[in-house]
Amino acid sequence: MKQRKRSIWRFLGLSTITLVVVAALAALLAPTLLSGYVRGVIEREVGAKVEGTVSVGEVRLGWTGPLSVTALAIDSGAANGSVRVDAEVTQGLWALATGDAVDVKLAGSVKTAIGADGSIGLTRMMKSSAGAAEARSGAASESKAQSLLAGRKVTIEFAGIDLSAVHADAPYASIEDLKGTIALTEGADFELAINGDLAAKTRVGRGMIGGTSAAVVSTDETGTLDGAIDVRIPRTKLGGFDHGRITGECSVTAANLPLPAALAQSASQPASQPASQPA
């Protein structure tokens with residue numbers, strides 16, 4: 001009888017230990033197991049909002065970090081443009097769940113087409129959402145403002161982003177290797193504060209002045225662009241941003257900004273005299 005009781009207790013002990021080990025392994029491996037699922041969710045959700053194809057190279061999740069999305073690509077065709085982003089969150093899932101500050105690092109490229117009428121292709125990338133906007137508006141009328149950042153500070157580091165525009169298949173202009181940081185914080189009434197410093201190189205192409213030949217417009221010269229931003233955007237009672245009450249300062253300093261040679265020459269010449277009237 002005693003031997004039988006010992007066998008039962010031994011079985012229960014081993015079963016408990018096995019369950020604990022399995023649960024621990026499941027908790028530890030959950031981020032890895034969920035990575036593929038999250039990748040699919042990103043492709044599906046982003047694809048539902050943009051015109052074009054969406055793909056994600058890799059998603060990495062972890063309890064202690066970092067979290068990353070590699071090679072998120074949106075291709076909306078030559079008439080609109082494309083986006084490619086690598087994103088990394090320094091903190092892990094546990095830190096995000098407990099409300100710690102968030103540090104995000106972004107790198108990638110954005111390319112847009114400039115239409116004959118001056119329109120920007122990327123503005124046509126988003127799918128029309130009139131019905132969704134009405135639904136959100138109706139829901140917002142019954143809700144109050146909520147925290148956008150969940151009370152945490154978010155720091156975004158731009159670790160090298162290239163922005164380029166093309167007009168009639170010719171280089172138009174570009175901002176290259178954009179680097180710097182922007183901090184997002186919430187104040188009273190969930191006011192959004194944006195503060196940061198950015199720097200980049202700039203180029204212009206022959207497409208900017210209507211197809212001037214490459215011999216006239218040099219795309220080899222680069223200038224520098226430095227910007228500082230300190231802006232505060234208040235929230236409305238319904239949760240949206242009150243763009244009519246934006247306050248703050250934004251400054252941009254350009255040095256050795258490359259201009260098309262023909263444009264620079266035109267700007268340096270004195271204004272022409274009006275033609276004389278015939279007698």
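# Close-up views of a predicted model

**View 1. Strands S4 and S5 pair in the parallel sense.** In this predicted model, strand S4 (residues 102-113) runs parallel to strand S5 (residues 154-167), and 11 bridges link the two. One position to look for in the pair is Val102, which stands opposite Val154 in S5.

**View 2. Strands S5 and S6 run antiparallel.** S5 is joined to strand S6 (residues 170-186) by 12 bridges, and the pairing is antiparallel. Within the pair, Phe158 stands opposite Gly180 in S6. The hairpin made by S5 and S6 has 2 residues between the strands. In this hairpin Ala168 has a positive phi, near 50°.

**View 3. The open sheet holds 9 strands.** The order of the strands across the sheet is S1-S2-S3-S4-S5-S6-S7-S8-S9, and the pairing is mixed. At the edges are strand S1 (53-60) and strand S9 (247-255), each of which pairs on one side only. From one strand to the next, the twist averages 10°. Strands of a sheet pair through backbone hydrogen bonds, in a parallel or an antiparallel sense. The protein has 4 helices and 9 strands. Along the sequence these elements follow the pattern α-β-β-β-α-β-α-β-β-β-β-β-α.

**View 4. Strands S1 and S2 form an antiparallel pair at one edge of the sheet.** S1 pairs with strand S2 (residues 67-75) over 7 bridges, in the antiparallel sense. Glu58 has Thr70 as its bridge partner in S2. There are 6 residues between the strands in the hairpin of S1 and S2. Gly65, in this hairpin, takes a positive phi near 90°.

**View 5. Val54 is a buried residue of strand S1.** Val54 counts as buried because its relative accessible area is 18%, and the cut-off for buried is under 20%. Leaving aside residues up to four places away in sequence, Val54 touches Glu43, Val46, Gly47, Leu72, Ala73 and Ile74. The C-alpha atoms of Val54 and Ser76 are separated by 8.9 Å, with the two residues 22 apart along the chain.

**View 6. Ser35 of helix H1 is buried.** Helix H1 spans residues 2-47 and contains Ser35. The relative accessible area of Ser35 is 10%, so the residue counts as buried. Its contacts, not counting residues up to four places away in sequence, are Val59, Arg60 and Leu61. Of these, Val59 and Arg60 fall within the span of strand S1 (53-60).

**View 7. The largest pocket is lined by 13 residues.** The volume of this pocket is about 190 Å³. Of the lining residues, Ala78, Lys111, Ala113, Val166 and Asp169 lie nearest its centre. Strand S3 (81-89), S4 and S5 are the elements that give two or more residues to the lining. S4 gives the most, with 3 residues.

**View 8. Asn195 of strand S7 is partly exposed.** Strand S7 covers residues 192-204 and includes Asn195. With a relative accessible area of 40%, Asn195 counts as partly exposed. Not counting residues up to four places away in sequence, Asn195 touches Thr181, Ile182, Ala183, Ile229 and Asp230. One of these, Ala183, is 12 residues from Asn195 along the chain, and the two C-alpha atoms are separated by 5.3 Å.

**View 9. Strands S8 and S9 run antiparallel at the other end of the strand order.** Strand S8 (residues 223-233) is joined to S9 by 9 bridges. In this pair, Asp230 has Glu249 in S9 as its bridge partner. Asp230 is also among the residues that Asn195 touches.

**View 10. The whole protein is shown for surface and contacts.** The protein has 279 residues, and 23% of them count as buried. It exposes about 18,000 Å², of which carbon and sulfur atoms supply 60%. Among contacts with a separation of 6 or more, 56% are between residues 24 or more positions apart.

How values were computed:
Residues numbered from 1 in each chain as written. Predicted model: local features only at pLDDT ≥ 70, side-chain atom pairs only at ≥ 80, totals over all residues. Heavy atoms only, no water. Pairing = 2+ DSSP bridges. Buried < 20%, exposed > 50% of the residue type's maximum accessible area, 1.4 Å probe, protein only. Contact = heavy atoms within 4.5 Å. Areas by Shrake-Rupley, 256 points an atom, 1.4 Å probe, with all protein chains shown as cover. Axes fitted to C-alpha atoms, helices over the stretch in contact; angles between N-to-C directions. 1 Å grid on protein atoms, 1.4 Å probe; cavity = no way out; pocket = protein on both sides within 12 Å on 5 of 7 lines; lining within 4 Å. Points joined across faces, edges and corners; volume = space filled by probe spheres on them.
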